[in-house]
Amino acid sequence: MSQEISCGLEYITTPDLQACLTEALHSNYSFIVANVVHPRFRRSYIPGASKIGGFTRSDMVLSPQDWTSRIVAKISPYICVDSKSPVVRQRHEDCLNEELSYSRGLGVPAIMLSLQSRNTNNLSRILQTYYETSHHPSLIWASVPMYCTRNARRNNQDDDDECEEAWDETWHWWSKFHERLDWDKRVGVVLELSADIPPQEILKRWLGEPVKAIVIPTSIFHNNKKGYPVLSRAHQQLVVNMVEHEAQVIVSGARRSNIEYYLQYLFRLWQRRPYKADDPMLSYARGWEDYLQTPLQPLADNLDTHTYNVFEKDPIKYDQYQRAITQALIDIKHKRLNKDNKEMMNELCNDVKEFSVSNEKNEMGHGDCLQETESITVMVLGAGRGPLVRATFNAADITKSKVKVIAVEKNPCAVVVLAAQVREVWRDRDVVVIPGDMRHLNLSPKADIIVSELLGSWGDNELSPECLDGAAGLLKPDGISIPKEYNSYVAPISSPRLWAAAKVASSSTTNQKEKNLETLWVVYMQNKHDIAGTKPVFNFKHPAKGTKDHEGDELTDYRGLPLTDNRRSATVSWDVEQDNVMHGFGGYFDCSLYGGEMISIVPSTHSPGMISWFPVFIPIKTPLRVHKGETITATFWRCVNSRRIWYEWIVEVGNYTTPLHNANGRSSEMLL
């Protein structure tokens with residue numbers, strides 16, 4: 001999230017460019033928006049004719065630093081390269097190419113142009129050529145109004161559906177234009193605010209687009225009692241929402257007040273916004289917004305010290321684990337107490353002749369039950385550097401339980417740290433470190449409780465089911481697994497930014513781009529819009545039950561453990577309530593640890609302050625345009641063989657079906 005608000009000043013005309021820039025900088029604006037071509041130089045381009053002299057001002061009126069950091073070049077507003085007139089279209093195309101070429105020579109950071117309709121085929125073609133022929137091209141900012149007044153005038157403004165259509169129309173201008181440019185991340189949108197505020201659903205959809213700036217006309221400001229310009233509360237919230245998504249602000253229009261007052265007001269508005277920095281997740285994720293990362297494979301690879309250090313800083317996750325372990329210890333103690341009492345009652349019934357002696361034994365036995373003699377064995381599987389071991393000892397102290405902790409870890413570096421803590425920190429504790437893969441160990445005594453933190457951002461994508469099923473022989477038949485159950489979830493999302501980033505994430509070759517769009521990416525998603533809500537996909541429980549044969553008998557492996565099947569498939573559907581473009585899915589999970597204790601990264605139930613997991617982005621190779629009233633149907637498969645796990649997925653909208661993604665794990669897989 002942006003720490004400071006960046007404001008620019010738009011000049012409709014710039015008779016003296018240097019004076020305009022100086023005025024804006026003295027008023028603390030960061031940049032100005034100015035026409036590339038001076039109005040006096042507006043020209044009728046004649047193909048093939050030699051030109052004498054320039055078509056605009058000299059670039060020497062400003063320093064190179066000013067051009068490259070403080071000027072947003074605006075294309076002449078009259079240019080319409082998609083005109084129905086062939087003559088106008090060709091002349092304007094020549095003029096546009098001339099202005100693009102000159103802007104490239106100036107090295108301006110961004111070029112702003114206006115979209116006027118859905119018909120932008122020729123404009124998209126010209127810009128595609130511009131990018132193909134430029135070594136260091138500027139960003140393209142496509143300016144659109146949030147509200148289409150032309151559409152509103154043509155229809156009945158009192159009709160709610162027609163009014164919604166006027167808000168929808170300009171999004172279609174932008175979306176189709178961006179689609180023709182293949183969702184290029186170098187292309188962003190600039191929204192021109194109006195006096196009216198869009199419905200919340202319209203605003204949320206815009207927040208999923210790469211909004212580079214918002215234009216605030218001075219006409220929507222009104223003066224307060226002291227004569228200073230201010231915005232309505234609704235406009236204030238809209239501006240804050242946009243700036244939180246990294247949009248800059250451009251003040252435009254007639255000066256109804258001192259230009260410094262507009263900037264000062266916007267600064268105060270940003271400083272007075274509801275402060276969210278106290279949220280540990282937002283603080284932790286700052287700087288990682290929309291940054292794609294490859295999911296970890298801790299089973300195949302050993303984690304490094306930095307990764308352990310990051311995970312151990314999570315204040316919420318280990319507190320929840322400690323609560324779950326505490327409840328499990330209490331339940332085991334009660335279970336043992338009830339068992340001992342039952343045995344004593346049987347002993348009393350069998351010894352009727354010596355009632356008084358038996359009664360004395362009963363009293364003594366009851367006291368002995370309160371004085372715990374047998375340790376509760378807790379195995380921490382995948383102990384890392386010991387945070388769950390510490391949580392177990394804390395829980396034991398809280399419940400006054402005697403525990404024996406067995407820490408199992410395969411990473412040699414982490415084993416060194418665990419061994420050092422056994423010598424230096426846990427000297428007075430009953431704890432032992434076992435190096436090795438939990439799936440291949442046969443330890444005694446068996447555990448009353450096994451505790452693990454093997455979950456990935458999509459629940460099972462770090463192979464927790466395979467690890468815990470392989471370690472099932474370490475747990476007593478009536479033992480407790482923490483976690484006991486977890487579910488993965490998906491929601492269809494629109495995010496041109498994430499899709500474009502995934503496409504070029506690891507290589508520029510065509511084959512690799514295809515693979516990138518068949519890969520799960522871990523990412524803190526900010527610039528995205530949820531087309532519909534989250535729905536569950538896969539479910540896993542532990543200890544897992546084995547599959548059954550045709551006679552209903554549970555199958556076992558060569559060790560006598562339940563033979564589990566972790567293949568899964570699920571089909572989920574969503575009704576589309578608003579026109580949109582689907583770029584993939586957001587993936588989440590929640591987990592039931594034990595005794596009602598939960599951890600979750602599902603947006604609606606997210607554990608407050610938990611930072612250990614970002615969601616996953618599951619892209620589709622070709623973004624799908626979905627319309628209100630249609631149904632999105634997606635099928636996901638979790639596929640398993642002897643050495644790897646992978647996901648496959650396919651999407652259907654109306655009569656269109658995508659190709660199968662990641663067939664046979666050709667692009668992404670998790671190694672066993």
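In this predicted model, β2 (31–35), β3 (71–74) and α3 (86–106) each supply at least two residues of the lining of the largest cavity. About 60 Å³ of space lies inside that cavity, and its walls are formed by Leu17, Ala34, Asn35, Val36, Arg57, Trp67, Ile71, Ala73, Tyr102 and Leu106. When these lining residues are sorted by class, eight are nonpolar, one is polar and one is charged.

**Cavities and the largest pocket**

The structure holds three cavities of 30 Å³ or more, and the second largest of them contains about 50 Å³ of space. The second largest cavity is lined by Ile450, Leu468, Asp469, Ala472, Leu475, Ser481, His542, Pro543 and Ala544, and the elements that give two or more residues to this lining are α16 (464–470) and β15 (475–482). Its lining divides into six nonpolar residues, two polar residues and one charged residue.

The largest pocket has a volume of about 1100 Å³. Of the 35 residues that line this pocket, Met525, Gln526, Lys528, Asp530 and Pro603 are the closest to its centre. Two or more lining residues come from each of α7, α8, α10 (280–285), β18 (529–530) and β21 (580–594), and the largest share, four residues, comes from α7. By class, the lining of the largest pocket has 16 nonpolar, eight polar and eleven charged residues.

The table sets out the volumes and the lining classes side by side.

| Space | Volume | Lining by class |
|---|---|---|
| Largest pocket | about 1100 Å³ | 16 nonpolar, eight polar, eleven charged |
| Largest cavity | about 60 Å³ | eight nonpolar, one polar, one charged |
| Second largest cavity | about 50 Å³ | six nonpolar, two polar, one charged |

**How helices pack**

Two packed helices are described by the angle between their axes and by the distance between those axes. Three pairs of helices can be looked at in this way, beginning with a pair that also contributes to the largest pocket.

The axes of helix α7 (residues 200–207) and helix α8 (residues 233–244) come within 10 Å and cross at roughly 20°. Angles under 35 degrees count as roughly parallel, and α7 and α8 are therefore roughly parallel to each other. The crossing in which α7 passes α8 is right-handed. Here Leu203, Trp206 and Leu207 in α7 meet Leu238, Asn241 and Met242 in α8, a contact that has five nonpolar residues, one polar residue and no charged residues.

Helix α8 also packs against helix α9 (residues 259–271), and the axes of these two helices come within 10 Å and cross at roughly 75°. Because angles of 65 to 115 degrees count as roughly perpendicular, α8 and α9 are described as roughly perpendicular to each other. On the α8 side of this contact are Gln236, Val239, Val240, Val243 and Glu244, which meet Tyr265, Leu269 and Trp270 in α9. The contact of α8 with α9 has six nonpolar residues, one polar residue and one charged residue.

Helix α3, one of the elements that line the largest cavity, packs with helix α4 (residues 121–132) at an angle of about 30°, with their axes 11 Å apart. That angle makes α3 roughly parallel to α4, and α3 passes α4 in a right-handed crossing. In this contact Arg89, Glu93, Leu96, Asn97, Leu100 and Arg104 in α3 meet Asn122, Leu123, Arg125, Ile126, Leu127 and Tyr130 in α4, and the residues involved divide into six nonpolar, two polar and four charged.

**Backbone details**

Most residues other than glycine have a negative phi, and most peptide bonds are trans. Against that background, a few places in the backbone deserve a look.

A cis peptide bond joins Ile482 and Pro483, with omega about 10°, and Pro483 is found in the loop between β15 and β16 (485–494). Another cis peptide bond joins His542 and Pro543, where omega is about -5°. Pro543 is found in the loop between β19 (535–541) and β20 (568–575), and both His542 and Pro543 are among the residues that line the second largest cavity.

Asp182 has a phi near 60°, which is a positive value in a residue other than glycine. The place of Asp182 is in the loop between α6 (160–180) and β6 (187–192).

Terms used
Residues are numbered from 1 along each chain as its sequence is written. This is a predicted model: local features need pLDDT of at least 70, side-chain atom pairs count only at pLDDT 80 or more; totals for chains, interfaces and linings use all residues. Side-chain values use heavy atoms; hydrogens and water are left out. Axes are lines fitted to C-alpha atoms, for helices over the stretch in contact, and angles run from 0 to 180 degrees between N-to-C directions. Angles under 35 degrees count as roughly parallel, over 145 as roughly antiparallel, 65 to 115 as roughly perpendicular and the rest as oblique. A crossing is left-handed if the near helix is turned anticlockwise from the far one by less than a right angle, and right-handed if clockwise. Contact means heavy atoms within 4.5 Å. Ala, Val, Leu, Ile, Met, Phe, Trp, Tyr, Cys and Pro count as nonpolar, Asp, Glu, Lys and Arg as charged, and the others, Gly among them, as polar. On a 1 Å grid over the protein atoms alone, a cavity is a set of points where a 1.4 Å probe fits but cannot get out, and a pocket is an open set with protein on both sides within 12 Å along at least five of seven lines; lining residues have an atom within 4 Å of a point. Grid points are joined across faces, edges and corners, and a volume is the space filled by probe spheres set on the points.
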